[in-house]
Amino acid sequence: LKVIFDPRAAKEQLYPKKFTDEELEAQRNWRLALGQLQNFGFENVKILDGNIGYLKLTGFFSLENAGPTAVAAMNFLANTFAVIIDLRESGGGNPQMCQFLATYFLDKEPVLLNSIYTRAKNETNQYWSLPYVPGKRMTDADVFLLTSKDTFSAPEGFAYMLQQQKRATVIGETTRGGAHPGETKP
């Protein structure tokens, strides 16, 4: 729980602006452009000595926009003996991208990865591994996840998913503790 005194923000939340279709489209275009500037969070993908894959992720963008980049990165790493995924500077993102990437390291038989309960709607969303991903699965590769105090939200959920499935070793600092949806109340 965090308490902030901000009358302007409280007023905006109590009386939200109604956006036009053009404004909503401009917001979508802005998010797409921002994602493109950051290569949708896929900052570095390479093969290290000994056929060890390295993937530095700085964010988990939506599958709609980042899907082709994710597929290209995972296919590049597909034949490595082990994969290091660097989440140390990853500060959030989309749970569907977590689900998608985690699936590459799991068998074809779907398993429950995570459930997120939304109290306001009394609704639980379950995230299962997918029966299909484009390219080769890396079910035999060792997976190592690097974390830091800056790892937050979706990357924490991703680490949790793979750790609970006994598919990854998490190495690093304790993360920031935001692998859950939150909301602001005026």
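**Exercise 1. Work out the order of helices and strands along the protein chain.**

Step 1: Read along the sequence, and the pattern comes out as α-α-β-β-α-β-α-β-β-β-α-β. Helices here are DSSP runs of H or I with at least four residues, strands are E runs of at least two, and both are numbered from the N terminus.

Step 2: Tally them up, and the protein chain has five helices and seven strands.

Step 3: Keep in mind what you're looking at. This is a predicted model, where local features need pLDDT of at least 70 and side-chain atom pairs count only at pLDDT 80 or more, while totals for chains, interfaces and linings use all residues. Residues are numbered from 1 along each chain as its sequence is written, and side-chain values use heavy atoms, leaving out hydrogens and water.

**Exercise 2. Describe the protein chain as a whole: its span and its buried share.**

Step 1: Along its principal axes, the C-alpha trace spans about 55 × 35 × 30 Å.

Step 2: Of the 186 residues, 37% count as buried. Buried means under 20% relative accessible area, exposed means over 50%, and partly exposed is in between (1.4 Å probe, protein chains only).

Step 3: Now look at contacts, meaning heavy atoms within 4.5 Å. Among contacts between residues at least 6 apart in sequence, 73% join residues at least 24 apart.

**Exercise 3. Find where helix 3 bends and what covers its buried residues.**

Step 1: Helix 3 runs over residues 63-77 and bends by about 30 degrees at threonine 69. That bend is the angle between axes fitted to the seven residues ending there and the seven starting there.

Step 2: Thr69 is itself buried, and so are Ala66, Gly67, Ala70, Val71, Ala73, Met74 and Leu77.

Step 3: The cover over these buried residues includes strand 1 (42-48), strand 2 (52-57), strand 3 (82-86) and helix 4.

**Exercise 4. Describe how helix 4 and helix 5 pack.**

Step 1: Helix 4 (residues 95-103) and helix 5 (residues 154-164) pack at an angle of about 35 degrees, with their axes 9 Å apart. The axes are lines fitted to C-alpha atoms over the stretch in contact, and angles run from 0 to 180 degrees between N-to-C directions.

Step 2: On the helix 4 side, Cys98, Gln99, Leu101 and Ala102 make the contact; helix 5 brings Ala154, Phe158, Met161 and Leu162.

Step 3: Helix 5 is mostly covered, with eight of its eleven residues buried. Among them are Pro155, Glu156 and Gly157. Strand 4 (112-118) and strand 6 (142-147) are included in what covers the buried residues of helix 5.

**Exercise 5. Decide whether lysine 56 is buried or exposed, and list what it touches.**

Step 1: Lysine 56 lies in strand 2.

Step 2: Its relative accessibility is 12%, so lysine 56 counts as buried.

Step 3: Leaving out residues up to four places away in sequence, lysine 56 touches Gly41, Phe42, Glu43, Asn44, Asp86 and Glu89. Take glutamate 89: it sits 33 residues from lysine 56 along the chain, yet their C-alpha atoms are separated by 8.5 Å.

**Exercise 6. Look up phi and exposure for asparagine 122 and lysine 166.**

Step 1: Asparagine 122 lies in the loop between strand 4 and strand 5. Its phi is near 50 degrees, a positive value in a residue other than glycine.

Step 2: Asparagine 122 counts as exposed because its relative accessibility is 58%.

Step 3: Lysine 166 is in the loop between helix 5 and strand 7. Lysine 166 isn't a glycine, but has a positive phi of about 60 degrees. With a relative accessible area of 74%, lysine 166 is exposed.
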